[in-house]
Amino acid sequence: MILYLLEIIMDDVERLKSKAGIAACDFIKDGMKLGLGTGSTVHYTVIEIGRRISDEGLNVVGVPTSEVTRELAEKVGIPLITLAESGGLDLIIDGADEFDDNFSLIKGGGGALTREKIVAQSSKSMVVVADDRKQVSVLGAFDLPVEVLPFEWERTRDRISSMCPGKVSLRGGSSPFITDNGGYILDCRFGASISDPQSLEITLLSIAGVVEVGLFVDICDAVVLASNGGVLTLINQSGCLR
Ligand code: 5RP
């Protein structure tokens with residue numbers, strides 16, 4: 001019975017992910033250069049873009065934010081280019097682990113935060129796809145992912161620990177998770193206390209060994225949010241899609 005209920009809940013979450021992922025494709029216009037995010041929600045976006053290319057003749061190119069997304073994009077027939085070749089992107093669609101009322105994000109649950117931020121910062125606009133579990137008033141209940149260099153990573157962890165109220169854990173433990181860049185991920189337990197994500201991002205980035213922090217501030221322009229009540233698009237009034 002419990003297993004059966006769990007399956008129903010999982011199906012429900014998956015359905016919401018697919019709704020948000022597909023609905024976000026309404027932001028895509030013919031001729032656009034797209035950033036392709038990483039994760040189980042944007043997975044549905046990538047598949048839908050592939051479908052529109054083959055069924056509707058949509059003409060777009062993409063820059064993937066991870067090797068997993070690269071493989072999926074190639075499989076569904078999205079022409080891929082590099083950021084350098086693109087000369088700048090029109091739009092990135094990506095997932096998030098949390099977003100707050102100011103459209104600040106925690107990202108990196110899938111470990112792709114560094115490439116995701118590089119691609120997002122090269123895009124004119126960013127649309128996040130999410131289900132309603134990701135909406136919070138204050139960031140931090142989701143452990144903040146920080147990519148660090150493997151070199152003497154314990155030292156970097158100790159410096160981060162000195163400013164983090166909770167545990168800082170090496171993702172993967174004794175078999176560390178390795179990012180596409182060859183880095184490690186430290187998951188930092190701040191708790192729902194990150195009220196000034198910008199200054200925390202700057203502080204963490206000043207620590208030697210930190211490659212990138214999973215806080216995205218002033219980057220997200222809209223969130224396509226799926227809940228059992230339907231799909232809602234939240235527009236950032238300080239962003240460029242208003
Ligand atoms: C990967 C990410 C993902 O976008 C984030 O973890 C959300 O993923 P999902 O849609 O699977 O919940 O930042 O680095």
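**A tour of salt bridges and pockets**

Select Glu-48 to begin: with a relative accessibility of 9%, this residue counts as buried. The model is a predicted one. Now add Arg-52, which is also buried, at 17% relative accessible area. The two side chains form a salt bridge, 2.8 Å from N to O. Both residues belong to helix H2 (residues 42-56), where a spacing of 4 residues puts about one helical turn between them.

Stay on helix H2 and select Arg-51 and Asp-55, again 4 residues apart, about one turn of the helix. Their side chains meet in a salt bridge of 3.3 Å, N to O. Asp-55 is exposed at 54% relative accessibility, while Arg-51 is partly exposed at 32%. To see the network of salt bridges that links these residues, show Asp-26, Glu-48, Arg-51, Arg-52, Asp-55 and Glu-56 together.

Next, select Arg-115 and Glu-67, whose side chains form a salt bridge of 2.9 Å, N to O. This pair ties together distant parts of the chain, 48 residues apart: Arg-115 is in helix H5 and Glu-67 in helix H3 (residues 67-75). Arg-115 is partly exposed, at 24% relative accessible area.

Keep Arg-115 selected and add Val-63, Pro-64, Leu-80 and Ile-118; these are among the residues lining the second largest pocket. Its volume is about 170 Å³. Helix H5 contributes most to this lining, with 3 residues. By class, the lining has 7 nonpolar, 1 polar and 2 charged residues.

Finish at the largest pocket, of about 230 Å³. Select Thr-38, Gly-39, Ser-40, Asp-97 and Gly-110, the nearest to its centre of 18 lining residues. That lining comprises 3 nonpolar, 9 polar and 6 charged residues.

Terms used
Residues are numbered from 1 along each chain as its sequence is written. This is a predicted model: local features need pLDDT of at least 70, side-chain atom pairs count only at pLDDT 80 or more; totals for chains, interfaces and linings use all residues. Side-chain values use heavy atoms; hydrogens and water are left out. On a 1 Å grid over the protein atoms alone, a cavity is a set of points where a 1.4 Å probe fits but cannot get out, and a pocket is an open set with protein on both sides within 12 Å along at least five of seven lines; lining residues have an atom within 4 Å of a point. Grid points are joined across faces, edges and corners, and a volume is the space filled by probe spheres set on the points. Ala, Val, Leu, Ile, Met, Phe, Trp, Tyr, Cys and Pro count as nonpolar, Asp, Glu, Lys and Arg as charged, and the others, Gly among them, as polar. Helices (H or I, at least four residues) and strands (E, at least two) are DSSP runs, numbered from the N terminus. A salt bridge is a side-chain nitrogen of Lys or Arg within 4 Å of a carboxyl oxygen of Asp or Glu. Buried means under 20% relative accessible area, exposed over 50%, partly exposed in between (1.4 Å probe, protein chains only).
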